[in-house]
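Dear colleague,

Please find below the structure that I promised to pass on to you. My notes on what was found in it follow directly after.

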Amino acid sequence: MGAFVSRASRPARYTLVFHAEPQFVDTVKQAVFAAGAGRYPNYSECCWTATSTGQFRPVGAANPHTGEVGVLERIEELRVEMLCDSEETARKAVEALKRAHPYEEPSYAVYKLEDF
């Protein structure tokens with residue numbers, strides 16, 4: 001039998017989720033993959049993608065990549081989710097996301113996963 005690995009000895013895992021317009025998704029994914037996200041033991045560049053509608057209204061001193069200040073925008077975006085195998089990988093992936101994403105304020109979230 002294989003060696004037992006307790007949950008306490010496994011590093012915490014995270015899911016990174018981000019949204020972007022379809023024409024920018026591949027560029028952002030490649031940057032995040034290069035930072036180490038989307039890896040499983042025998043696979044790389046793994047993610048899940050779904051089409052969605054983003055909504056936002058730029059206000060104040062915003063400098064929106066898409067849309068105009070004061071105008072409610074609804075645009076097609078893709079939601080991309082991928083695994084980060086450690087907190088360090090998640091932090092590096094978010095840094096890469098922010099550098100590669102064209103939006104002034106990229107929409108993203110990081111979720112800590114529980115191991116059952």
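I begin with a charged residue: Glu 81 is partly exposed, with a relative accessible area of 23% (partly exposed lies between buried, which is under 20%, and exposed, which is over 50%, with a 1.4 Å probe and protein chains only). The side chain of Glu 81 meets that of Arg 79 in a salt bridge, with 2.8 Å from N to O, where a salt bridge is a side-chain nitrogen of Lys or Arg within 4 Å of a carboxyl oxygen of Asp or Glu. Arg 79, for its part, counts as partly exposed at 28% relative accessibility.

Before going further, please bear in mind that this is a predicted model, in which local features need pLDDT of at least 70 and side-chain atom pairs count only at pLDDT 80 or more, while totals for chains, interfaces and linings use all residues. Residues are numbered from 1 along each chain as its sequence is written, and side-chain values use heavy atoms, with hydrogens and water left out.

As for the overall picture, the secondary structure of the chain comes to 2 helices and 4 strands (DSSP runs numbered from the N terminus, with at least four residues of H or I for a helix and at least two of E for a strand), and from the N terminus on these elements run β-α-β-β-α-β. The C-alpha atoms fill a box of roughly 60 × 25 × 20 Å along the principal axes, and of the 116 residues 32% count as buried. Among contacts (heavy atoms within 4.5 Å) with a separation of 6 or more, 73% are accounted for by residues 24 or more positions apart.

Turning to charge, the chain has 13 positive and 16 negative side chains, where Lys and Arg count as positive, Asp and Glu as negative, and His and the chain ends are not counted. The structure holds 4 salt bridges, including two that lie within helices. In helix 2 (residues 87-100), Arg 91 and Glu 87 are 4 residues apart, about one turn of the helix, and their side chains meet in a salt bridge of 2.9 Å, N to O; Arg 91 counts as exposed at 54% relative accessibility, whereas Glu 87 is partly exposed at 40%. In helix 1 (residues 22-34), Asp 26 and Lys 29 are 3 residues apart and therefore separated by about one helical turn, and the closest N and O atoms of their salt bridge are 3.7 Å apart. Of this pair, Asp 26 counts as exposed at 52%, while Lys 29 counts as buried at 15%.

Glu 73, in strand 3 (residues 73-84), may deserve your attention, as this residue is buried yet has no salt bridge, the nearest side chain of opposite charge, Arg 74, being 8.6 Å away. A polar atom of the Glu 73 side chain does lie 3.4 Å from the backbone nitrogen of Glu 68. Leaving aside neighbours within four places in sequence, Glu 73 is in contact with Gly 54, Gln 55, Phe 56, Gly 67 and Glu 68.

Finally, Thr 15 lies in strand 1 (residues 14-20) and is buried, with a relative accessible area of 16%. With neighbours within four places in sequence again left aside, the contacts of Thr 15 include Glu 81, Met 82 and Tyr 111. Thr 15 and Met 82 are 67 residues apart in sequence, and 5.5 Å apart in space from C-alpha to C-alpha.

With best regards

Key: A polar contact is a pair of N or O atoms within 3.5 Å; within protein, one must be able to donate a hydrogen and the other to accept it, and residues adjacent in sequence count only if both atoms are side-chain atoms. The place of a charge is taken as NZ of Lys, CZ of Arg, CG of Asp or CD of Glu.
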